Amino acid sequence: MIDRCAQDGFKMRIISVMDQLSPEMVAEFPERGMQWVKDRVETVVNETGEYVREKPTQSLFYAFAVGYVLNRLPLGRVLAGLLRLLFMALKPAILIYGAAKLYRSAQEREAPQR
């Protein structure tokens, strides 16, 4: 119970801090995220290079095994199926989004009248 209360308090502090953020700071979030991803990718590439230099035979075996498995998987058909599902789900999602916006707009119009 105490942990739950502590978590709720922490969430409320985060929300209050987010309310105080300036638009400039919010605009920096994507840039920070991209920099973080770029740093992580660079780290993975460097560690992979070091591993390949230390164990070239084992790395070659792993690369061959992964290539063989990927060659046997029907990735093209799987991706095409996922894209078809995405496009089929896009229309209802847009409809639901529009309905939610209309409902919110109607609620905001009624709120001052009450």
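**Exercise 1. Determine which helix gives the most to the nonpolar surface patch, and describe that patch.**

Solution. Helix α3, residues 56-72, gives the most to the nonpolar patch, with 5 residues. The model is a predicted one, and confidence is therefore taken up in Exercise 4. The patch covers about 680 Å² and is made by Phe64, Val66, Tyr68, Val69, Leu70, Leu73 and Leu75. Among these residues, Phe64 can be examined further. Phe64 lies in helix α3. Its relative accessible area is 61%; exposed residues are those over 50%, so Phe64 is exposed.

**Exercise 2. Establish whether Ser59 is buried or exposed, and identify what Ser59 touches.**

Solution. First, locate the residue: Ser59 is also part of helix α3. Next, consider its relative accessible area, which is 12%. The limit for a buried residue is under 20%, so Ser59 is buried. Finally, list its contacts. When residues up to four places away in sequence are not counted, Ser59 touches Tyr51 and Val52. For the setting, 2% of the 114 residues of the protein chain count as buried.

**Exercise 3. Find how many aromatic pairs the whole structure holds, and classify the geometry.**

Solution. A search of the whole structure yields 1 aromatic pair. The partners are Phe61 and Tyr62, whose ring centres are 6.1 Å apart and whose planes stand at 50°. A distance within 6.5 Å qualifies as a pair. Planes under 30 degrees apart would count as stacked and over 60 as edge-to-face; the angle of 50° therefore makes the pair of Phe61 and Tyr62 tilted. The accessibility of each partner completes the description. Phe61, at 54% relative accessibility, counts as exposed, whereas Tyr62, at 41%, is partly exposed.

**Exercise 4. Describe the secondary structure and surface of the protein chain, and state which helix has the lowest mean pLDDT and which the highest.**

Solution. Begin with the elements: the protein chain has 4 helices and 0 strands, and the pattern along the sequence reads α-α-α-α. Turn then to the surface. The accessible surface amounts to about 10900 Å², and carbon and sulfur atoms account for 67% of that surface. Last, assess confidence. The protein chain has a mean pLDDT of 81, with 74% of its residues at 70 or more. Among the elements, helix α1 (residues 2-19) has the lowest mean pLDDT, 54, and helix α3 has the highest, 93. Helix α3, to which Ser59 belongs and in which Phe64 lies, is thus the element with the highest mean pLDDT.

Key
Residues are numbered from 1 along each chain as its sequence is written. This is a predicted model: local features need pLDDT of at least 70, side-chain atom pairs count only at pLDDT 80 or more; totals for chains, interfaces and linings use all residues. Side-chain values use heavy atoms; hydrogens and water are left out. Rings of Phe, Tyr and Trp (its six-membered ring) pair if their centres lie within 6.5 Å; planes under 30 degrees apart count as stacked, over 60 as edge-to-face and the rest as tilted. Buried means under 20% relative accessible area, exposed over 50%, partly exposed in between (1.4 Å probe, protein chains only). Helices (H or I, at least four residues) and strands (E, at least two) are DSSP runs, numbered from the N terminus. Accessible areas come from the Shrake-Rupley method with a 1.4 Å probe; for residues, only the protein chains shown count as cover. Patches are made of residues with over 30% relative accessible area and no salt bridge: like charges are joined within 9 Å, nonpolar side chains (Val, Leu, Ile, Met, Phe, Trp, Tyr) within 5 Å. A salt bridge is a side-chain nitrogen of Lys or Arg within 4 Å of a carboxyl oxygen of Asp or Glu. Contact means heavy atoms within 4.5 Å. pLDDT is the predictor's confidence in each residue, from 0 to 100.
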